[in-house]
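Here is a short report on one protein chain. Keep the model open as you read.

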Amino acid sequence: RGLRGDLEGGASPVRELTLIQDRRPPALTVNFPEGAVRRPEIDLTGHTDPGAKVYVGDEPARVDDSGHFSCRLRLKRGVNIVVVEAEDDTGNVAYRSRIINASY
């Protein structure tokens with residue numbers, strides 16, 4: 001029933017609602033470089049579930065319709081902690097991280 005001030009409307013038709021709880025994080029594979037990196041920039045690529053958003057640090061990565069993503073990542077000399085995050089449309093999050101040593 002709806003209320004407007006002191007007036008009460010007629011009963012609404014009965015409806016059914018099904019709630020499905022999704023707690024499964026999206027798949028996330030990241031192709032981190034092996035060993036030390038000898039250049040200031042790398043292309044970081046990987047795969048997630050189609051429709052998921054991917055962030056490398058705080059920067060969004062380009063994700064295509066099949067879930068493949070890529071991001072150009074600028075590295076500082078020395079130790080770089082790289083965190084990749086994938087978030088699906090229900091808010092579930094998957095993380096992958098790696099320490100990348102850059103000596104250029």
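## Salt bridges across two strands

Aspartate 43 is exposed, with a relative accessible area of 52%. Exposed means over 50% relative accessible area, buried under 20%, and partly exposed in between (1.4 Å probe, protein chains only). This is a predicted model: local features need pLDDT of at least 70, side-chain atom pairs count only at pLDDT 80 or more, and totals for chains, interfaces and linings use all residues. Residues are numbered from 1 along each chain as its sequence is written, and side-chain values use heavy atoms, with hydrogens and water left out.

A salt bridge here is a side-chain nitrogen of Lys or Arg within 4 Å of a carboxyl oxygen of Asp or Glu. By this rule the model has 4 salt bridges. Three of the pairs are listed below.

| Acidic residue | Basic residue | Closest N to O |
|---|---|---|
| Glutamate 41 | Arginine 72 | 3.5 Å |
| Glutamate 41 | Arginine 74 | 3.7 Å |
| Aspartate 43 | Arginine 72 | 3.1 Å |

Aspartate 43 lies in strand S4 and arginine 72 in strand S8, so this pair ties together parts 29 residues apart in sequence. Strands are DSSP runs of E, at least two residues long; helices are runs of H or I, at least four long; both are numbered from the N terminus. Glu41, Asp43, Arg72 and Arg74 are linked in a network of salt bridges.

How exposed are the other members? Glutamate 41 counts as partly exposed, at 31% relative accessibility. Arginine 72 is also partly exposed, with a relative accessible area of 49%. Arginine 74 is exposed, at 57%.

## Two open sheets

The chain has 0 helices and 10 strands. Strands of a sheet pair through backbone hydrogen bonds, either parallel or antiparallel. Two strands count as paired if DSSP finds at least two bridges between them.

One open sheet has 4 strands in the order S3-S4-S8-S7, with antiparallel pairing. S3 and strand S7 (62-63) are its edge strands, and each pairs on one side only. S3 and S4 are joined antiparallel over 4 bridges. There, asparagine 31 has threonine 45 in S4 as its bridge partner. S7 and S8 also run antiparallel, joined by 2 bridges. Valine 63 has phenylalanine 69 in S8 as its bridge partner.

Another open sheet of 4 strands runs in the order S6-S5-S9-S10, again with antiparallel pairing. Strand S6 (59-60) and S10 stand at the edges with a single partner strand each, so one side of each is left without a neighbour in the sheet. S5 and S6 pair in the antiparallel sense over 2 bridges. Valine 56 has glutamate 59 in S6 as its bridge partner.

## The nonpolar core

A nonpolar core is a set of buried Ala, Val, Leu, Ile, Met, Phe, Trp, Tyr and Cys residues joined through side-chain atoms within 4.5 Å. The largest one holds 19 residues. Which of them touch the most other members? They are Leu44, Val56, Val82 and Val84. The elements giving two or more residues to this core are strands S3 (28-31), S4 (41-48), S5 (53-56), S8 (68-74), S9 (78-87) and S10 (93-102).

Contact means heavy atoms within 4.5 Å. Leaving out residues up to four places away in sequence, leucine 44 touches eleven named positions: Val30, Asn31, Phe32, Pro33, Val56, Phe69, Ser70, Cys71, Leu73, Val82 and Val84.

S3 shows an alternating pattern. Leu28 and Val30 point to one face and are buried. Thr29 and Asn31 point to the other face and are not buried.

## The chain as a whole

From the N terminus on, the elements run β-β-β-β-β-β-β-β-β-β. The radius of gyration is 22 Å, well over the 13 Å that the globule rule gives for 104 residues, so the chain is more spread out than a compact globule. The radius is taken over C-alpha atoms, and the rule is 2.2 Å times the number of residues to the power 0.38. Along its principal axes, the C-alpha trace spans about 75 × 30 × 20 Å.

Buried residues make up 27% of the 104 residues. Among contacts between residues at least 6 apart in sequence, 52% join residues at least 24 apart.
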